[in-house]
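Colleague: I would like a close look at one part of this model, set against the rest of the chain. Please keep it plain enough for a first-year student.

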Amino acid sequence: FILNIDTGKGTIYDYPQMWNPKKLQVEFPYINDAYRGLPYCYVYLQVWDMDAYNAMGLLKVDMCKETSIGWQEINKFPVEPVFAARPGSTEEDDGIIMSPVLDSTSNTTELYIWDAKNLEVLAIVSTPVVVPFTLHGVWINGV
């Protein structure tokens, strides 16, 4: 559903499923906060592969080009992805994605940081606690 804020009129639009394999389930959408209420292209999601119960992942969907890229590692379970813009950025996807990632083989959690443009892992930081894989996340700039 697309709501035009200026006119108050809504349109139902059936977006094509833009990811493969088609059996993936997506949850916890997150966008660049600077684009809330504005036209945007990129959305970051947590994905569940219903055929691989030992893996979850992240997905970046380009709603404008109707394409997607993803990240997934066996026995790794990321929490809701959170976008943080690079200070001074002018591009919608110029920043990082952060998420605690549960490693089910070692029962440990690490904070993963990905490049928001290509989902390349930039850093992995050890944490002193185990974070379950279904919690929500939030980024508050300047805190």
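In which sense do strand S9 and S10 pair, and over how many bridges?

Modeller: The model is a predicted one. Strand S9 covers residues 95–103, and its pairing with S10 is antiparallel, over eight bridges. One of these positions can be named: methionine 98 has isoleucine 113 of S10 as its bridge partner. S9 and S10 form a hairpin with four residues between the strands, and asparagine 107 in this hairpin has a positive phi near 55 degrees. As background, strands of a sheet pair through backbone hydrogen bonds, and the pairing is either parallel or antiparallel.

S10 also pairs with S11. Strand S10 spans residues 108–115 and strand S11 spans residues 121–126; these two are antiparallel as well, with five bridges. Here tyrosine 112 has isoleucine 124 in S11 as its bridge partner. S10 and S11 again make a hairpin, this one with five residues between the strands. In its turn, leucine 119 has a positive phi of about 60 degrees.

Now to the setting of these strands. The protein chain has 11 strands and zero helices. Of its 143 residues, 35% count as buried. Among contacts between residues at least 6 apart in sequence, 39% join residues at least 24 apart.

Another part of the chain forms an open sheet of four strands, in the order S3-S4-S5-S6, with antiparallel pairing. Strand S3 (24–30) and strand S6 (67–72) stand at the edges with a single partner strand each, so one side of each has no neighbour in the sheet. From one strand to the next, the twist averages 30 degrees. Within this sheet, strand S5 (residues 56–62) and S6 pair in the antiparallel sense over six bridges. Leucine 58 has tryptophan 71 in S6 as its bridge partner.

Tryptophan 71 is a useful residue to follow from here. Leaving aside neighbours within four places in sequence, tryptophan 71 is in contact with Gly57, Leu58, Lys76, Pro78, Val101, Tyr112, Trp114, Leu119 and Val121. Several of these can be placed with what was said above. Leu58 is the bridge partner of tryptophan 71, Tyr112 is the residue whose bridge partner in S11 is isoleucine 124, and Leu119 is in the turn of the hairpin of S10 and S11.

Tryptophan 71 also belongs to the largest nonpolar core, which has 13 residues; those with the most contacts inside this core are Tyr44, Trp71, Phe83, Ile97 and Trp114. S4, strand S8 (82–85), S9 and S10 each supply at least two residues of the core. A second, separate core has six residues, including Leu45, Val47, Leu59 and Val61. In general, nonpolar side chains in soluble globular proteins tend to be buried together.

Not every buried residue is nonpolar, and glutamine 46 shows this. Glutamine 46 is in strand S4 (residues 42–49). Its relative accessibility is 0%, so glutamine 46 counts as buried, the cut-off being under 20%. The side chains of glutamine 46 and tryptophan 48 are joined by a polar contact of 3.3 Å. Methionine 56, in strand S5, is 10 residues from glutamine 46 in sequence and 7.3 Å from it in space, C-alpha to C-alpha. Methionine 56 is also buried, because its relative accessible area is 1%.

Isoleucine 74 gives the opposite case. It lies in the loop between S6 and strand S7 (76–78). With a relative accessible area of 53%, isoleucine 74 is exposed, because the cut-off for that class is over 50%. Isoleucine 74 and glycine 57 are 17 residues apart in sequence, and their C-alpha atoms are 9.1 Å apart in space.

Last comes the covalent link. The structure holds one disulfide, which joins cysteine 41 to cysteine 64 with an S to S distance of 2.0 Å. The torsion about this S-S bond is about -85 degrees, so the disulfide is left-handed. The pair links distant parts of the chain: cysteine 41 is in the loop between S3 and S4, cysteine 64 is in the loop between S5 and S6, and the two are 23 residues apart.

Definitions and conventions: Residues are numbered from 1 along each chain as its sequence is written. This is a predicted model: local features need pLDDT of at least 70, side-chain atom pairs count only at pLDDT 80 or more; totals for chains, interfaces and linings use all residues. Side-chain values use heavy atoms; hydrogens and water are left out. Two strands pair if DSSP finds at least two bridges between them. Axes are lines fitted to C-alpha atoms, for helices over the stretch in contact, and angles run from 0 to 180 degrees between N-to-C directions. Buried means under 20% relative accessible area, exposed over 50%, partly exposed in between (1.4 Å probe, protein chains only). A polar contact is a pair of N or O atoms within 3.5 Å; within protein, one must be able to donate a hydrogen and the other to accept it, and residues adjacent in sequence count only if both atoms are side-chain atoms. A disulfide is a pair of cysteine sulfur atoms within 2.5 Å. A nonpolar core is a set of buried Ala, Val, Leu, Ile, Met, Phe, Trp, Tyr and Cys residues joined through side-chain atoms within 4.5 Å. Contact means heavy atoms within 4.5 Å.
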